[in-house]
Each structure stands twice: as structure tokens, then as C-alpha cells.
Amino acid sequence: MLPTPEEKHKIHEATIYNPYLPLGSAEQFLMMLLSISELPARLQLWIFKLDYENMEKIDSITRVSKVDFEELSHNIAKIEVGCKESWGHLKAIAKHDGPTQIKLNVLQ
């Protein structure tokens, strides 16, 4: 859903040539998305968080029922990969937000 470089260029071009003409709601939304630092990394962290919460629920269900060890092993491997990727995303976000702000966001 992120704007392509071509879309970004066209929007900037339109604002330069027509500074008094307001952007449409879709273009305003795309410009807002562009203003968010490290948006792809933030979205990936959000997806991981939601996926992790779902995996925890699935694993707790399998503990009380018949356990499919292959599925459980696959889920644990998926969580491990997601955790490692999340650290990379956090490092990228910390470059823009700073480590103190990251700690405050994590604690919420």
C-alpha cells in the first residue's frame, strides 16, 4: 500500500506546479504514509506482534489437546525467524525515533 517512487514524484510535481490546488484525499493519505519513518519496518513488527499472539493461543490449545509435533515445531521455527527479523526492524526504527522512545513504546 506504500506509494511507488513514481507516484511520489507525480504528487510532488503536482504540488509544485499547482501550489494553491489542494491534493485529493488519496494523495493526502499517500503523503501521510510517506511522512512516517521506517513504515515498512513498523508494519512488519505489527504483523509479527499479531501473529505471535495468535501463535501463543494455538500453542496453548495444542497443549490441552492431541499435540501435532510437526505443526508445533513449524510454529516455533516461524516465531524464531520472526523474532530475529523484528530485531532488525527495531534497529531501523531506533535510528529515527531513538532508543528511549522505542523503550517507551515497547512498555505500552
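## Second largest pocket and helix α4

In this predicted model, the second largest pocket is lined by Gln44, Ile47, Phe48, Asp51, Tyr52, Met55, Lys78, Ile79, Gly82, Glu85, Ser86 and His89. Two elements, α3 (39-64) and α4 (69-97), each give two or more residues to this lining. The space within the pocket amounts to about 160 Å³. Sorted by class, its lining comprises five nonpolar, four polar and three charged residues.

Helix α4 also contains buried positions, namely Asn75, Ile79, Gly82, Ser86 and Ile93. Of these, Ile79, Gly82 and Ser86 belong to the pocket lining as well. An α-helix has 3.6 residues a turn, so residues three or four places apart point the same way.

Why does the span of α4 agree with its 29 residues? At 1.5 Å a residue, a span of 42 Å is expected for α4, and the C-alpha atoms at its ends lie 40 Å apart, so the two values agree. Just after α4, Gly98 adopts a positive phi of about 90 degrees.

The chain as a whole has five helices and zero strands, in the order α-α-α-α-α along the sequence. The following table gives values for the whole chain.

| Property of the chain | Value |
|---|---|
| Share of the 108 residues counted as buried | 16% |
| Share of contacts with a separation of 6 or more that join residues 24 or more positions apart | 60% |
| Exposed area | about 8,700 Å² |
| Share of the exposed area supplied by carbon and sulfur atoms | 63% |

Conventions: Residues numbered from 1 in each chain as written. Predicted model: local features only at pLDDT ≥ 70, side-chain atom pairs only at ≥ 80, totals over all residues. Heavy atoms only, no water. 1 Å grid on protein atoms, 1.4 Å probe; cavity = no way out; pocket = protein on both sides within 12 Å on 5 of 7 lines; lining within 4 Å. Points joined across faces, edges and corners; volume = space filled by probe spheres on them. Helix = DSSP H or I, 4+ residues; strand = E, 2+ residues; numbered from the N terminus. Nonpolar A, V, L, I, M, F, W, Y, C, P; charged D, E, K, R; others polar. Buried < 20%, exposed > 50% of the residue type's maximum accessible area, 1.4 Å probe, protein only. Contact = heavy atoms within 4.5 Å. Areas by Shrake-Rupley, 256 points an atom, 1.4 Å probe, with all protein chains shown as cover. Expected span 1.5 Å × (residues − 1).
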